[in-house]
Each structure stands twice: as structure tokens, then as C-alpha cells.
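Please have the model open in your viewer, with side chains available for display, and follow the selections below in order.

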Amino acid sequence: DLLAGLKIDELNGFGGKKGKDLEENHGVHVVADLQRFSLVQLEAIFGAGEFAQTSYDACRGICRKEVKQKVLMDSVGNSKTFNPPLKIKEDVHKYLGLLSVEVFTRLE
């Protein structure tokens, strides 16, 4: 199973308190550990709400969320770390130009 070896905190929704609670109180360290729980058991842990069902499905690779097509980008960017740092204006202008070209090509 593709998900079985993932650490529990890598599964969406388990990076915080819920993931920590599962590790400390229920011995869940990887997704395979969570897969051993039935829906009824997860409801006993999380309550009979939506999170128990979502957890049961997510650790089995099931996502019931509607897929929405995204037509327009919200943002686009590009970055570069300079080591050593740029110290002269000409180098800054050169790299701004290169980064701008990369951003522009993403928009096409």
C-alpha cells in the first residue's frame, strides 16, 4: 500500500493535536497503524462527526471532496538564494531579469 509507510503527521489533518494524540494514546505512528482502526473505533476516538469518517477514508487513499477546476492562478513567483550574496547593482539587475523571464514563461 502506497500510504502505509507514511508518518501519521504527513497525512492531511494529522499534523497537530490529533496526530500527536493518536501517537501518544493509541500507538499510531504511520498510516498503516491508523488503517487497523475500524470506523466505529475512530468514532469512539474522535466522536461520531465528519472527522472520523474523513480519517477512515484518508488513510485508505479515499477523498470525497469535490474536484474543482482552477482556471486562474492566484499567484506566481520565483526565488533564488545567492551564496555569496549579490553585492553589486549590475548583478542584481541581471538576476532580476532572469527571474522575471522565468515568471513570465509560467504565465504563458
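## Pocket, core, rings and charges

Begin with the lining of the largest pocket, which by class consists of 7 nonpolar, 5 polar and 4 charged residues. Keep in mind throughout that this is a predicted model. To centre the view on the largest pocket, select Thr54, Ala58, Ile62, Cys63 and Lys65, which lie nearest its centre among the 16 residues that line it. The space in this largest pocket comes to about 370 Å³.

Next, hide the pocket and select the largest nonpolar core, whose 11 residues are Ile8, Leu11, Phe14, Leu22, Val28, Val31, Leu34, Phe37, Leu42, Ala52 and Cys59. As background to this selection, nonpolar side chains in soluble globular proteins tend to be buried together.

Within that core, pick Leu22 and display its surroundings: which residues does Leu22 touch, not counting residues up to four places away in sequence? With that exclusion, Leu22 touches Ile8, Phe14, Gly27, Val28, Leu34, Ile45 and Phe46. Of these contacts, Phe14 and Phe46 lead on to the next stop, where they form one aromatic cluster together with Phe51.

Select the three rings of Phe14, Phe46 and Phe51 for a view of this cluster. Across the whole structure, a search finds 4 aromatic pairs. One pair to look at in detail is that of Phe46 and Phe51, which is edge-to-face, with 4.9 Å from centre to centre and 85° between the planes. Phe51 has a relative accessible area of 22%, so this residue counts as partly exposed, given that buried means under 20%.

Finally, turn to the charged side chains, where the count comes to 2 salt bridges. For one of them, select Arg36 and Asp33, whose closest N and O atoms are 2.4 Å apart. Are the two partners buried or exposed? Arg36 counts as exposed because its relative accessibility is 61%, whereas Asp33 counts as buried because its relative accessibility is 13%.

Then move to the salt bridge between Arg64 and Asp57, in which the closest N and O atoms are 2.7 Å apart. Colouring this pair by accessibility shows Arg64 as exposed, at 64% relative accessibility, while Asp57, at 4%, counts as buried. In the Arg64 and Asp57 pair, therefore, an exposed arginine is joined to a buried aspartate.

Notes
Residues are numbered from 1 along each chain as its sequence is written. This is a predicted model: local features need pLDDT of at least 70, side-chain atom pairs count only at pLDDT 80 or more; totals for chains, interfaces and linings use all residues. Side-chain values use heavy atoms; hydrogens and water are left out. A salt bridge is a side-chain nitrogen of Lys or Arg within 4 Å of a carboxyl oxygen of Asp or Glu. Buried means under 20% relative accessible area, exposed over 50%, partly exposed in between (1.4 Å probe, protein chains only). A nonpolar core is a set of buried Ala, Val, Leu, Ile, Met, Phe, Trp, Tyr and Cys residues joined through side-chain atoms within 4.5 Å. Contact means heavy atoms within 4.5 Å. On a 1 Å grid over the protein atoms alone, a cavity is a set of points where a 1.4 Å probe fits but cannot get out, and a pocket is an open set with protein on both sides within 12 Å along at least five of seven lines; lining residues have an atom within 4 Å of a point. Grid points are joined across faces, edges and corners, and a volume is the space filled by probe spheres set on the points. Ala, Val, Leu, Ile, Met, Phe, Trp, Tyr, Cys and Pro count as nonpolar, Asp, Glu, Lys and Arg as charged, and the others, Gly among them, as polar. Rings of Phe, Tyr and Trp (its six-membered ring) pair if their centres lie within 6.5 Å; planes under 30 degrees apart count as stacked, over 60 as edge-to-face and the rest as tilted.
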